[in-house]
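Here is a friendly briefing to read with the model open beside you. It goes topic by topic, so feel free to pick out the elements in your viewer as you read.

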Amino acid sequence: MSFGVVILVHNALDRAAQVIRHWASAGCPVVVHVDRAVRRARFERFRADLDDLSDRVLFCARHRCEWGGWGIVAASQTGAELLLERFPDLGHVYLASGSCVPLRPVAELDAYLAARLHTDFIESARVTQVPWTVGGLSEERFTLRFPFSWKRRRWLFDRYVALQRRLGVRRSLPAGFEPYMGSQWWCLSAATLRAILSDPQRPEIDRYFRRVWIPDESYFQSLARRWSTQIESRSLTMCKFDFQGKPHLFYDDHLPLLRRSGCFVARKIWPRAQAIYDEMAAGGHPADEAAPSPARIDRVFAEATERRVRGRSGLYMQSRLPNPGWENGFTAAPYGVLEGFAELHDGFSEWFARASGATVHGHIFAPERVEFADGATVWRGAMSDSAALRDHQGPRFLTNLIWNGRGARQVFQFGPRDSQRVSWDIAKDPNARIGVISGAWAVPLFRSGRPAARLCDLAARLQQVEADHLAALRSPQAKARIRVWTLAEFLEAPAEALALMLSDIAPGRAGPPPAPPAMVPLDGLGRFLQEMRNLGMHPYLTGDIPIEPLAPRRPAPRPYLVRPHA
């Protein structure tokens, strides 16, 4: 066998033993490093289980391997030194973990490496030229010191980084050293690896890297550039990462994808992925081509990442919900918002439903209850008409309503009396088709028959709420299709406004719409609004509605004078 394997193990020891036996049975010498965090009794049982392979499987000195720390590099160094010492004729050394599973026959990898004796397979790129760092540090990992564990002592880690930034700390790199970054999982030629391990500057370089952040992604990647004569900047181990920089875990249903990649080894394999381990035990899946081609499945993982990060429009998942603005669209489908129309027409909702073919709700954000279509108390998706439940997450309520009603256009009424929690959301939603008759809130007040003097405060509050809502609709952030008429403008041409809203909400509707419903009696509305003005409340959102001439009043009869009889 032309190559040997260094395996770093820290958990799932039974599966690691299975992988080690697979490498060894194929003729590969293997050096195993077991994390010092593994209890000694467990480690001894693990080593004893592999005693029958002692001629090919060796155990090296143990180091404590914490993520982001020096221990992983130290373990790789110790394992590689032992492997090269005991098997000096090796052509390459392959670094793997206990969760790395061979996908193809080991003989294919052996032939591939034997044909490339002087090639080093290690991902190695300049720090400033890669976008790999996710939520971490790039250049600063080489210029600051990191003596604290990121996982166990996170507070100290963050505070110490902040302190160094404030003090302007900047470490000097070793002379002639340029940092490179890449995957931890490499396959180096024996010549390059010996040169790295015997580098004259190694004591200085090791001291420097002991305080570098995640040195296993930069130590060998940087030194390979110094000593290698031929670098293939790629790893022979397929390891996919998600958008947060965490490695994907492969399950049994990924097996067809893993085969298609043609990769020799894949990481990380779920310990219970029995089908993958069974295929490895059977010798692996031969590939049609010698070279691995992980790009064949990159599109699948890119689509999965896109789905996870952006999702489907109008759907939320745990990984995105706590992050405002991460959703791929506020709602799942176009919908209509009608403001003020129902106040001016009796039976408007029923007429609009017939004319548009849409599901027309009432005021779903009314303070008393959710007015679902047809008076329903529970809507699709077990949505309750409880105002308290709705207001716990008003925007999510609307998102759910549109999602559960997709397949039929949803329309609802909205106005200044309703909860305004979704005012900005619908304004910024490209799916919203909004029609507003500003000042229409005055019509129910007028029809109530109550004196204007007792309605002024209420009218002022409603007008201010509607003014704020109109400011959202007219803001640069608004993306909805919005039409606004003042009450006066609507009364001049109501049929035209209704036709425009029908075309917005139900485009392509066949045939002429039914005749619109009769408008509510508005005789005296102009005088009512003028009385508001006379009392100091200026209803400017209604537009200029003329004062109708008052009908002449008959003078009241003078009372009879009743005199007592003399």
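## An enclosed helix and its surroundings

The buried residues of helix H7 are covered by elements that include helix H3 (71-86), strand E4 (92-97), strand E6 (120-121), strand E9 (187-189), helix H8 (202-209) and helix H9 (219-227). Please keep in mind that this is a predicted model. The protein chain has 22 helices and 19 strands, and the points below take you through some of them.

**More on helix H7**

- Helix H7 spans residues 190-197, and 6 of its 8 residues are buried, so the rest of the structure largely encloses this helix.
- The buried residues of H7 are Ala190, Thr192, Leu193, Ala195, Ile196 and Leu197.

**The chain as a whole**

- The C-alpha trace of the protein chain spans about 145 × 55 × 45 Å along its principal axes.
- The radius of gyration of the protein chain is 37 Å, whereas a compact globule of 566 residues would have one near 24 Å.
- Of the 566 residues in the protein chain, 50% are buried.
- If you take contacts between residues at least 6 apart in sequence, 75% of them join residues at least 24 apart.

**Nonpolar cores**

- The largest nonpolar core has 50 residues, and the members that touch the most others are Phe3, Val5, Trp23, Val32, Phe46, Tyr94 and Ile269.
- Helix H1 supplies the largest share of this core, with 7 residues.
- A second core, separate from that one, has 39 residues, among them Ala452, Phe490, Ala497 and Met537.
- Which residues does tryptophan 23 contact, leaving aside its neighbours within four places in sequence? They are Phe3, Val5, Ile7, Cys28, Val30, Pro102, Val106, Leu109 and Val265.

**The five-stranded sheet and its helices**

- An open sheet is formed by 5 strands in the order E14-E17-E13-E18-E19, with parallel pairing.
- At the edges are strand E14 (359-363) and strand E19 (481-486), each of which pairs on one side only.
- From one strand to the next, the twist averages 15°.
- As a reminder, strands of a sheet pair through backbone hydrogen bonds, either parallel or antiparallel.
- Strand E18 (residues 432-438) pairs with E19 in the parallel sense over 6 bridges.
- Valine 436 has valine 484, in E19, as its bridge partner.
- Helix H19 (residues 456-473) packs on the sheet and touches strand E13 (335-339), E18 and E19. The direction of H19 makes about 140° with that of E18.
- Helix H21 (residues 494-505) lies across E13, strand E17 (410-413), E18 and E19, and runs at about 170° to E19.

**Salt bridges**

- The structure holds 21 salt bridges; here are some to look up.
- One of them joins the side chains of aspartate 52 and arginine 21, at 2.8 Å from N to O. Aspartate 52 sits in the loop between helix H2 (40-49) and strand E3 (57-59), while arginine 21 belongs to helix H1 (residues 13-25), so this pair ties together parts that are 31 residues apart in sequence.
- Are the two partners buried or exposed? Aspartate 52 counts as exposed, at 51% relative accessibility, and arginine 21 is partly exposed, with a relative accessible area of 32%.
- Another salt bridge brings together the side chains of arginine 40 and glutamate 44, at 3.3 Å from N to O. Both residues lie in helix H2, 4 residues apart, which is about one turn of the helix.
- In general, an α-helix has 3.6 residues a turn, so residues three or four places apart point the same way.
- Arginine 40 is exposed, with a relative accessible area of 58%, and glutamate 44 is partly exposed, at 26%.
- Arg40, Glu44 and Arg47 are joined into one network by salt bridges that share partners.
- Aspartate 391 and arginine 390 also form a salt bridge, with their closest N and O atoms 2.8 Å apart. Here arginine 390 is buried, with a relative accessible area of 1%.

**A proline in a loop**

- Proline 512 is placed in the loop between H21 and helix H22 (525-534).
- This proline 512 is exposed, with a relative accessible area of 75%.
- Proline 512 and alanine 355 are 157 residues apart along the chain, and their C-alpha atoms are separated by 8.5 Å.

Conventions. Residues numbered from 1 in each chain as written. Predicted model: local features only at pLDDT ≥ 70, side-chain atom pairs only at ≥ 80, totals over all residues. Heavy atoms only, no water. Salt bridge = Lys/Arg side-chain N within 4 Å of Asp/Glu carboxyl O. Helix = DSSP H or I, 4+ residues; strand = E, 2+ residues; numbered from the N terminus. Buried < 20%, exposed > 50% of the residue type's maximum accessible area, 1.4 Å probe, protein only. Core = buried A, V, L, I, M, F, W, Y, C linked by side-chain atoms within 4.5 Å. Contact = heavy atoms within 4.5 Å. Pairing = 2+ DSSP bridges. Axes fitted to C-alpha atoms, helices over the stretch in contact; angles between N-to-C directions. Rg over C-alpha atoms; globule rule 2.2 N^0.38 Å.
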